[in-house]
Amino acid sequence: MSATAQFVTATTVEEALAAEETFHGKGAGPVPESPPAPAEGCVGRLGLESFHAPQLIAHAAHVRVDRETGVVRVLRVAAVHDCGRILNRVGADGQVYGGVVMGIGQALSEGTQLDGLGRQRNPHLLDYKLVTASDAPEIAIDWVETDTPNAGPKGSKGVGEPPCVPTAGAIANAIAKVVGNRVRQLPMTPERVWEAQQG
Amino acid sequence: MSATAQFATASTVEEALAALAAGARPVAGGTDLVVGARQGKAPLPDALVAIHRVSELHAIDGDADALHLGALVTHAEIAAHPDVRARFTALADASAIVGSHATRAQGTIGGNLMNASPAMEAGGPLICLGATVTLRSTGGTRDMTVEELLTGPGATVASNDELLIAVDLPHPAPGTGSAYVRLEYRRQMEIAVVGATAVVTLADGEVSQARVGITALAPTIRRVPAAEEVLTSAPDEASVEAAARAAAAASVPISDLRASERYRRAMAEVIARRAIEIALVRARGGDVPIPASAVGQ
């Protein structure tokens with residue numbers, strides 16, 4: 001992270017606009033023109049220029065459901081991604097391992113619980129249940145390297161966020177197949193899976 | 001987190017007792033006291049006496065009649081002890097799954113008991129295995145059962161100047177098998193939402209004695225006499241089911257962020273049945289890996 005040379009706090013919109021700084025994301029204000037992007041590469045406004053090339057992903061999950069308790073264990077996940085040309089196989093695989101485990105947390109255990117005033121009831125790792133290393137399943141990874149117009153450097157595409165997107169859906173489908181009913185809410189906690197089985 | 005005004009380290013039980021008599025509270029592994037203070041549950045006491053260097057409280061040994069656990073024996077030490085694994089298997093099941101690896105390496109049996117959580121893993125096995133504790137103050141020593149020690153969530157009969165010195169477990173009769181099973185949402189770093197203990201003794205193929213306990217299902221960990229009576233009448237499949245139903249009926253669960261009252265009550269029956277079944281297998285000489293909670297998971 002680079003240091004910020006200047007920092008001011010605006011208290012009115014006028015002050016903020018007068019600072020003539022660029023506000024990214026949810027901010028407001030003038031956005032400068034992009035610097036000219038080279039024919040290949042990710043350099044551009046917000047780095048988004050190259051992302052007109054979508055990734056295609058399929059995940060498959062093998063789960064075991066304890067039908068008496070609703071406890072779900074993910075045994076294997078197969079993750080196949082088309083993220084264009086893979087420039088660094090070890091790094092790309094790492095993104096998928098991490099993303100799949102994150103997706104398992106979204107699917108089964110990670111839920112922010114709020115009280116009536118909007119305060120978090122589980123603001124610690126005892127009750128906000130991240131997936132532990134002991135819960136990580138066998139993860140099989142494969143890559144489909146497709147030539148895509150508008151791809152990034154050397155024909156690559158992004159592999160940051162995509163690996164955690166389809167995992168919960170695959171797990172939800174697997175649970176529905178075992179249980180016979182859909183669990184319509186994430187995370188699919190043991191109690192929700194158990195409730196779904198009650199019919 | 002408030003600052004503790006006074007902090008002293010005791011190297012003998014006598015020094016620790018003198019500090020307690022002067023108003024200090026004891027700290028050993030700190031896994032409840034320090035974490036609780038950070039979470040805002042309770043501020044740190046004004047005066048603390050660290051007892052982790054009191055070497056005589058680290059002992060884990062036994063004689064012909066009983067296994068002796070000093071108050072500072074850690075969960076990890078209990079879970080790894082050959083005698084515990086062979087004869088007090090339910091306690092090994094419980095000690096092997098307390099919190100995380102770090103909690104088990106740091107947390108002590110004495111601190112665990114005196115924290116008096118109705119969700120503590122070791123409590124059910126200790127109660128069902130007939131464990132006693134020794135409390136000592138500058139005024140004297142008294143012994144009692146773990147059942148008598150625990151009176152409510154976070155509450156014990158001990159007064160503030162008393163230190164838990166040791167836990168003693170009488171050797172179970174030959175033919176005894178035991179198990180502690182906990183409902184686990186994930187494989188590590190869990191806390192009991194529902195737990196159950198079973199200790200059964202077989203004589204000539206019949207259950208001559210049974211103990212069933214429920215954890216995190218009432219203000220204190222408690223035995224279920226109705227379940228024990230059913231099991232001693234005839235150990236068939238129907239009696240195991242009936243005992244499990246009795247365990248659920250004896251539950252007075254709460255609803256909170258971890259589970260609803262309804263789910264907890266339903267799980268009480270499932271988990272109690274699994275604990276009884278595994279205890280019976282072990283009593284017959286069958287090998288069920290420790291911790292029993294991992295079976296089938």
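## Exercises on helix packing and chain contacts

In this predicted model, α10(B) and α11(B) pack with their axes 8 Å apart, at an angle of about 175°. The exercises below begin with this pair.

**Exercise 1.** Classify the mutual orientation of α10(B) and α11(B), and describe by class the residues in their contact.

*Solution.*
1. The angle between the two helices is about 175°.
2. Angles over 145 degrees count as roughly antiparallel.
3. The helices α10(B) and α11(B) are therefore roughly antiparallel to each other.
4. On the side of α10(B), the contact involves B:Ala226, B:Ala227, B:Val230, B:Leu231 and B:Ser233; they meet B:Ser239, B:Ala242, B:Ala243, B:Ala246 and B:Ala247 of α11(B).
5. Sorted by class, this contact of α10(B) with α11(B) has 8 nonpolar and 2 polar residues, and no charged ones.

**Exercise 2.** Determine how the buried residues of α10(B) are arranged about its axis, and name elements that cover them.

*Solution.*
1. Helix α10 of chain B spans residues 225-233, and its buried residues are B:Ala227, B:Glu228, B:Val230 and B:Leu231.
2. Viewed down the axis of α10(B), these buried residues fall within an arc of 160°, so they line one face of the helix.
3. A general rule helps here: an α-helix has 3.6 residues a turn, so residues three or four places apart point the same way.
4. The cover over the buried residues of α10(B) includes β12 (195-203), β13 (206-215), α11 and α12 of chain B.

**Exercise 3.** Classify the orientation of α11(B) relative to α12(B), then state the handedness of their crossing and the classes of residue in contact.

*Solution.*
1. Helix α11 (residues 237-249) and helix α12 (residues 261-283) of chain B pack at an angle of about 140°, their axes being 8 Å apart.
2. This angle makes α11(B) oblique to α12(B).
3. The crossing in which α11(B) passes α12(B) is right-handed.
4. The residues of α11(B) in this contact include B:Val240, B:Glu241 and B:Arg245, while those of α12(B) include B:Arg265, B:Glu269 and B:Ile276.
5. The residues of the contact of α11(B) with α12(B) comprise 8 nonpolar and 6 charged, with no polar ones.

**Exercise 4.** Describe the elements of chain A and the side of chain A that touches chain B.

*Solution.*
1. Chain A contains 4 helices and 3 strands, and from the N terminus on its elements run α-β-β-α-β-α-α.
2. Of the 199 residues in chain A, 27% are buried.
3. In the contact between the chains, 19 residues of chain A touch 17 residues of chain B.
4. Helix α4 (residues 190-198) of chain A supplies the largest share of chain A's side, 3 residues.
5. By class, that side of chain A has 5 nonpolar, 7 polar and 7 charged residues.

Methods: Residues numbered from 1 in each chain as written. Chains lettered and ligands numbered in written order. Predicted model: local features only at pLDDT ≥ 70, side-chain atom pairs only at ≥ 80, totals over all residues. Axes fitted to C-alpha atoms, helices over the stretch in contact; angles between N-to-C directions. Parallel < 35°, antiparallel > 145°, perpendicular 65-115°, else oblique. Left-handed = near helix turned anticlockwise from the far one by under 90°. Contact = placed C-beta atoms within 7 Å. Nonpolar A, V, L, I, M, F, W, Y, C, P; charged D, E, K, R; others polar. Buried ≥ 20, exposed ≤ 12 C-beta atoms within 10 Å, placed from the backbone. Arc of directions from axis to C-beta.
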